[in-house]
Amino acid sequence: MSKSVLIMVTNADTIAGNKNKPTGVWLSEAAEPYIAFQGAGFKVDIASPKGGSVPIDPNSVENGNEDESFTEVAKLLQNTLRMKDVVYENYDAIFLAGGHGAMFDFPGEPDIQNIMAYFKDNGRIISAVCHGPAAFADAKTKDGKYLVDGVKLTAFTNEEEDSVNLSEDMPFMLQTKLEENGAGFVKGTAGEEHVVSSGNFVTGQNPASSQAVAEAVINRLR
């Protein structure tokens, strides 16, 4: 049987509600995995907390950064499934795409937390890149433990957040929060590909890591 992957993306279109600071999903972080999973013959769906149209961070498509192969995925992002409507038991892996928007609607989102708890309890793959691990913030499993307690992982680092001058706009520092929740945070070189696999978690540090996370998930599912 073909494997199935659910890609989760943000609906948040501004940083801290500031209309002068548009954000959303970082396009390559959804597009590269989508293309890779499809190329592997997997069934791929895209969902967001509210469903429907998803904002794309303008910084991820300006200056010629938008790959032509991403156009199809950009169209799919205009009609995403609503997480509440997803039958998540039908998927073999979840992939949480980043972009700063994820810092605002992933943490504490009950549908995402239910899905992650189910996947952890059932040994299914939980993968994420960059700010996607914001979904892990304060998330707990049914036994009351933090989802990431004792898990080695990575995400957008404090150093990288400082480098884009957005630390003060974030609701929390992602690296710090995950460390406080008991994760073994493994930091790579800023801006460079870095992937960490631990148990059923596969995480990438930044946009440069999206493809490698997807490939690691494909290898696990095969």
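What share of the contacts in the protein with a separation of 6 or more is accounted for by residues 24 or more positions apart? In this predicted model, the figure comes to 75%. The protein holds 7 helices and 11 strands, and 55% of its 222 residues count as buried. As for overall dimensions, the C-alpha atoms fit a box of roughly 40 × 40 × 30 Å along the principal axes. The radius of gyration is 16 Å, which agrees with the value near 17 Å for a compact globule of 222 residues.

Turning to the interior, the largest nonpolar core has 37 residues, and Met 8, Leu 96, Met 116, Phe 136 and Leu 178 are the members touching the most others. Several elements chip in with at least two residues each: strand 1 (4-8), strand 6 (93-96), helix 3 (102-105), helix 4 (110-121), strand 7 (125-129) and helix 6 (174-180). Helix 4 gives the largest share of this core, with 5 residues. Phe 136 is worth a look in its own right. Leaving aside residues up to four places away in sequence, Phe 136 touches Leu 96, Met 116, Ile 126, Ala 128, Leu 147, Val 148, Leu 153, Leu 178, Asn 181, Phe 201 and Thr 203. There is also a second, separate core, made of 33 residues, with Val 25, Ile 46, Val 54 and Leu 221 among them.

Next comes a helix pair. Helix 1 (residues 27-39) and helix 7 (residues 210-221) have axes that come within 8 Å and cross at roughly 35°, and the crossing is right-handed. On the helix 1 side, the contact is formed by Ser 28, Glu 29, Glu 32, Pro 33, Ala 36 and Phe 37; these meet Ser 210, Gln 211, Ala 214, Val 217 and Ile 218 of helix 7. Sorted by class, this contact is a mix of 6 nonpolar, 3 polar and 2 charged residues.

Finally, the backbone has a couple of spots to check. Ala 16, in the loop between strand 2 (14-15) and strand 3 (18-22), has a positive phi of about 55° despite not being a glycine. Cys 130 is another non-glycine residue with a positive phi, here about 60°. Cys 130 sits in the loop between strand 7 and strand 8 (152-153). Is Cys 130 buried or exposed? Its relative accessibility is 3%, so Cys 130 counts as buried, the cut-off being under 20%.

Definitions and conventions. Residues are numbered from 1 along each chain as its sequence is written. This is a predicted model: local features need pLDDT of at least 70, side-chain atom pairs count only at pLDDT 80 or more; totals for chains, interfaces and linings use all residues. Side-chain values use heavy atoms; hydrogens and water are left out. A nonpolar core is a set of buried Ala, Val, Leu, Ile, Met, Phe, Trp, Tyr and Cys residues joined through side-chain atoms within 4.5 Å. Buried means under 20% relative accessible area, exposed over 50%, partly exposed in between (1.4 Å probe, protein chains only). Helices (H or I, at least four residues) and strands (E, at least two) are DSSP runs, numbered from the N terminus. Contact means heavy atoms within 4.5 Å. Axes are lines fitted to C-alpha atoms, for helices over the stretch in contact, and angles run from 0 to 180 degrees between N-to-C directions. A crossing is left-handed if the near helix is turned anticlockwise from the far one by less than a right angle, and right-handed if clockwise. Ala, Val, Leu, Ile, Met, Phe, Trp, Tyr, Cys and Pro count as nonpolar, Asp, Glu, Lys and Arg as charged, and the others, Gly among them, as polar. The radius of gyration is taken over C-alpha atoms; the globule rule is 2.2 Å times the number of residues to the power 0.38.
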